[in-house]
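Thanks for coming. I have one structure to go through, and I will take it piece by piece.

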Amino acid sequence: MATKESLSLAQARRIALAAQGFADPAPTGAPTRRHLGRVLDRVGLIQMDSVNVLQRAHYLPLYSRIGPYPTSLLDTAAYRAPRALFEYWGHEASLVPVGLHPALRWRMVRAQAEAWSGMRHIAQEQPQLVAWVREEVAARGPLTAAEIEHDAPRTTGNWGWNWSAVKQALEFLFWAGEVCAAERTTSFARRYDLPERVLPAEVLAAPTPTDAEAYRTLVGIAARSLGVAAEQELRDYFRLPVAGARQAIAELVEAGELRPVTVQGWRHPAWLHADARLPRWVRGNTLVSPFDPLVWERARAERLFDFSYRIEIYVPAAKRVHGYYVLPLRQGERFTARVDLKADRKAGVLLVPAAWIEPGADPGETAVALAAELYRLAGWLGLDAVAPPAAGDLAAPLAAALLGVAGVR
């Protein structure tokens, strides 16, 4: 029996960063659709989230990889023909390449069993409502839930028609693939329409793979995007069923797309993608979104970077350790700080409620790198200034570094 290839933790870290696009060269000019395509090839999909205290979550992974770019680049790819992306349940709510629509149809078919409970109950208990909502979208789409609710009958027996019921019906239809997100309003509400009016015809006409084929496709994308990963991470990337993901891993190993490896300090088996590359180093500094695929799987982030990370958005304020919307700072191959941020758009200021140094990082060096990155981020967001941090053990060095950056602007 052949000995498994062994990777040091430093090698695994560089492989993971390269797989996610952090070792790619920065654009030499204004970012283009080609740069967007390169990032999508690296990350596979982009998670969405409604929190807008800093910037919508789906815009940030591109910023972390290619720097300041016009957000219209992503908007056009997702919501204008010919679309490169569509909204669906990938990791969580996600922007997914349109070519993956066939590989996600198994999830659409299982809407009655796997959609969230509110959606399932609507479909099971009020099928007439669901059918009526679909007919409204077909006749008048694209429409928001509020626009449909406004016209819903008020006297409906036991159906209980109201905005919530209409929204749940739409979300069931969305999960089932019977409606799509045609666009987003300025308030981030979905406008729903029929798939044939949203997705490219060739995508809808593509044959539906078997479940096993779909799982292989999705695990393969996860493996390529992660570089080296344990089973849990390969499965979590597209939230796949355990048995299906395990079978897909075995088949990809047999096909030579994955190789079993050992990684220093990892207790679980790992797999290396055949296209993974090991750069000599990974350089550059950038802030990383709480919803970035580099840190989706918290146990992986801790194993790879010795970085314990938790989103505290839903933690009561008094119990938060680091802050509401905290972004890690990546310096080269490690995380050196984390910073709580808020965009005060009315005042034109990037607020820094707190800044924290990571163990072993040099406060002075880290503060200088973070200050430069905060001003770069502020410029991308259209903000004029960065406020000194209000709290945290990196607050004093960062405040001084921000003064230095502001003085040379």
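In helix α1, the buried residues are Ala-12, Arg-13, Arg-14, Ile-15, Ala-16, Leu-17, Ala-18 and Ala-19. This is a predicted model, so please keep that in mind throughout. The helix covers residues 9-19, and eight of its 11 residues are buried. After α1 comes Gly-21, with a positive phi near 95°.

Leu-17 leads us on to strand β11. That strand spans residues 326-331 and holds Arg-330, and Leu-17 is one of the residues that Arg-330 touches. Its other contacts beyond four places in sequence include Phe-22, Val-282, Asn-285 and Phe-335.

What is the nearest side chain of opposite charge to Arg-330? It is Glu-333, at 8.0 Å, and Arg-330 has no salt bridge although it is buried. The side chain of Arg-330 does reach backbone oxygens: that of Gly-332 at 2.7 Å, and that of Gly-284 at 3.3 Å.

Next, the nonpolar cores. As background, nonpolar side chains in soluble globular proteins tend to be buried together. Here the largest core has 118 residues, and Leu-54, Tyr-325, Leu-341 and Leu-374 have the most contacts inside it. Apart from that core lies another, of 23 residues, with Val-228, Val-282, Leu-294 and Ala-301 among them. Val-282 also appeared a moment ago, as a contact of Arg-330. Back in the largest core, Leu-54 is in contact with Tyr-325 and Leu-341, and its contacts also include Lys-342, Arg-345 and Leu-381.

Now helix α12, residues 211-226. From first C-alpha to last, its 16 residues reach 22 Å, close to the 22 Å expected at 1.5 Å a residue. Its buried residues include Ala-214, Tyr-215, Leu-218, Val-219 and Leu-226. Just after this helix, Gly-227 takes a positive phi of about 85°.

Val-219 is also a contact of Ala-245, along with Arg-235 and Leu-240, when neighbours within four places in sequence are left aside. Ala-245 sits in helix α14, residues 242-254. Is Ala-245 buried or exposed? Its relative accessible area is 0%, so it counts as buried. For a sense of distance, the C-alpha atoms of Ala-245 and Gly-379 are separated by 42 Å, with their positions 134 residues apart along the chain.

That leaves the charged pairs. The whole structure has 26 salt bridges. One of them joins Asp-211 and Arg-110, at 2.7 Å from N to O. Asp-211 belongs to α12 and Arg-110 to the loop between α5 and α6, so the pair ties together parts that are 101 residues apart in sequence. Both ends are partly exposed: Asp-211 at 33% relative accessibility, and Arg-110 at 24%.

A second salt bridge, between Arg-300 and Glu-233, has an N to O distance of 3.1 Å. It links helix α15, where Arg-300 lies, with helix α13, where Glu-233 lies, 67 residues apart. Here both ends are buried, with Arg-300 at 4% relative accessible area and Glu-233 at 3%.

The pair Arg-197 and Asp-193 also meets in a salt bridge, at 2.7 Å. In this one, Arg-197 is partly exposed at 41%, whereas Asp-193 is buried at 5%.

Finally, there is a network of salt bridges linking Glu-87, Lys-167, Glu-171, Arg-184 and Arg-190.

Notes
Residues are numbered from 1 along each chain as its sequence is written. This is a predicted model: local features need pLDDT of at least 70, side-chain atom pairs count only at pLDDT 80 or more; totals for chains, interfaces and linings use all residues. Side-chain values use heavy atoms; hydrogens and water are left out. Buried means under 20% relative accessible area, exposed over 50%, partly exposed in between (1.4 Å probe, protein chains only). Helices (H or I, at least four residues) and strands (E, at least two) are DSSP runs, numbered from the N terminus. The expected span of a helix is 1.5 Å times one less than its number of residues. A nonpolar core is a set of buried Ala, Val, Leu, Ile, Met, Phe, Trp, Tyr and Cys residues joined through side-chain atoms within 4.5 Å. Contact means heavy atoms within 4.5 Å. Lys and Arg count as positive and Asp and Glu as negative; His and the chain ends are not counted. A salt bridge is a side-chain nitrogen of Lys or Arg within 4 Å of a carboxyl oxygen of Asp or Glu. A polar contact is a pair of N or O atoms within 3.5 Å; within protein, one must be able to donate a hydrogen and the other to accept it, and residues adjacent in sequence count only if both atoms are side-chain atoms.
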